[in-house]
Amino acid sequence: MKNVVVIGGGSGQSVILKGLKQVADINITTIVTVADDGGSTGRLRRQFHIPAMGDIRNVMCALAKEETLFTHLMEYRFEGEDDVGGHNLGNLILTALTEKEGSFMDAISEISKILNVKGTILPATTQVITLFARMSDGTVVRGESNIPNFDNRILDVFYDEKVEANPEAMEAIIQADVIFIGIGSLYTSVIPCLIIDGICDAIKKSKAKRYYMCNAMSQPGETDYYSVEDHVDALEKHTFKGIVPNVIVAPNHASEELLKKYENKGSYPVKLKQDKHDYHIIMEDLLDVKGNFIRHDPIKIRDFAIKLLKES
């Protein structure tokens, strides 16, 4: 039984987990960012002073062994803007349980039992945190949801207070056999986990094989025109040299029509720009490009993970 840890947040992390939960004989632990401060999550964070739960809710539903009525209800969003308008039902349930149990971790545990989640879900920290970004023109942007709204290139992201890692998250990393970092928004989902005190120390102590699953498309306002190498450089700048010895790159075979659709929104394929690297490049067909979106495919991730785990 191998211990597999996934570090990140957002919809990308959920896609990886949907694939991994179909792999037999592994223990999955997912370490999730709680830096989100937008939408329903942000409103509840400010009102009840609790960590952001949006990404936690997403991975709960992704790891549910079966899609039940309750799973779908967890993702239901109320219409409107007043009272419960705009709120996600799962966020409200997590907030209510946190208030009732007196612990965010206990609330996650209770909902995980109801959803019959395969694996363990851990917030990267249990503190209520605010992410900042320093832009190329010197501007400092406060709040995860505001960062992609500026035209300037992001130099780095940081917290303006000491943020300590969830001890359970550090222990899971140290005990891991395989660690996946990504997929997801580089500066607002992935790096916010890695810059928390204790996370990188745990990664250095771990003997796990580490893989970074690079994004397929650039993200407007965050990674405009980024190459694969730019993604890795940003990770290393915020952590340490060699944090990702293995980088998984998915060749993008999307149609010109679909690529044009993304280009009109300021998003472009993330490509390799060099032939030689200090890290190992793994080219693997992991994308679903047959519909209206360019996304990683959970089934392809499952099959790839099975192959990787046999080699680990």
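# A tour of the model, stop by stop

Begin at the surface: select Leu69, Leu73 and Tyr76, which make a nonpolar patch of about 310 Å². Keep in mind throughout that this is a predicted model.

**Tyrosine 76.** Stay on this member of the patch. Tyrosine 76 sits in the loop between α4 (69–74) and α5 (89–101). Its relative accessibility is 41%, and because buried means under 20% and exposed over 50%, tyrosine 76 counts as partly exposed.

**Serine 112.** Next, select helix α6, residues 104–115, and pick out serine 112 within it. Is serine 112 buried or exposed? Its relative accessible area is 13%, so serine 112 is buried. To see what surrounds it, show Met60, Val117 and Ile121: serine 112 is in contact with these residues, leaving aside its neighbours within four places in sequence.

**Aspartate 137.** Move to the loop between β4 (131–135) and β5 (140–142), where aspartate 137 is found. Aspartate 137 counts as partly exposed, at 46% relative accessibility. Display side chains here: that of aspartate 137 makes a polar contact with the side chain of threonine 139, at 2.9 Å. Then add leucine 155, which is 18 residues apart from aspartate 137 along the chain; the C-alpha atoms of the two are separated by 9.2 Å.

**Helix α10.** Select residues 228–238. Nine of the 11 residues of this helix are buried, so α10 is largely enclosed by the rest of the structure. Which residues of α10 are the buried ones? They are Val228, Glu229, Asp230, His231, Val232, Ala234, Leu235, Glu236 and His238. Now colour the elements that these buried residues pack against: β6 (154–159), α8 (186–194), β8 (209–213) and β9 (246–249).

**The tyrosine pair.** The structure holds five aromatic pairs. One of them is formed by tyrosine 187 and tyrosine 226. Turn the view until both rings can be seen: the pair is edge-to-face, with 6.3 Å centre to centre and 80° between the planes. Tyrosine 187 lies in helix α8 and tyrosine 226 in the loop between β8 and α10, so the pair ties together parts that are 39 residues apart in sequence. Helix α8 was also among the elements coloured at the previous stop, as a packing partner of the buried residues of α10.

Finish with a surface over the pair. Tyrosine 187 is buried, with a relative accessible area of 3%. Tyrosine 226 is buried as well, its relative accessible area being 5%.

Technical notes
Residues are numbered from 1 along each chain as its sequence is written. This is a predicted model: local features need pLDDT of at least 70, side-chain atom pairs count only at pLDDT 80 or more; totals for chains, interfaces and linings use all residues. Side-chain values use heavy atoms; hydrogens and water are left out. Patches are made of residues with over 30% relative accessible area and no salt bridge: like charges are joined within 9 Å, nonpolar side chains (Val, Leu, Ile, Met, Phe, Trp, Tyr) within 5 Å. Accessible areas come from the Shrake-Rupley method with a 1.4 Å probe; for residues, only the protein chains shown count as cover. A salt bridge is a side-chain nitrogen of Lys or Arg within 4 Å of a carboxyl oxygen of Asp or Glu. Helices (H or I, at least four residues) and strands (E, at least two) are DSSP runs, numbered from the N terminus. Buried means under 20% relative accessible area, exposed over 50%, partly exposed in between (1.4 Å probe, protein chains only). Contact means heavy atoms within 4.5 Å. A polar contact is a pair of N or O atoms within 3.5 Å; within protein, one must be able to donate a hydrogen and the other to accept it, and residues adjacent in sequence count only if both atoms are side-chain atoms. Rings of Phe, Tyr and Trp (its six-membered ring) pair if their centres lie within 6.5 Å; planes under 30 degrees apart count as stacked, over 60 as edge-to-face and the rest as tilted.
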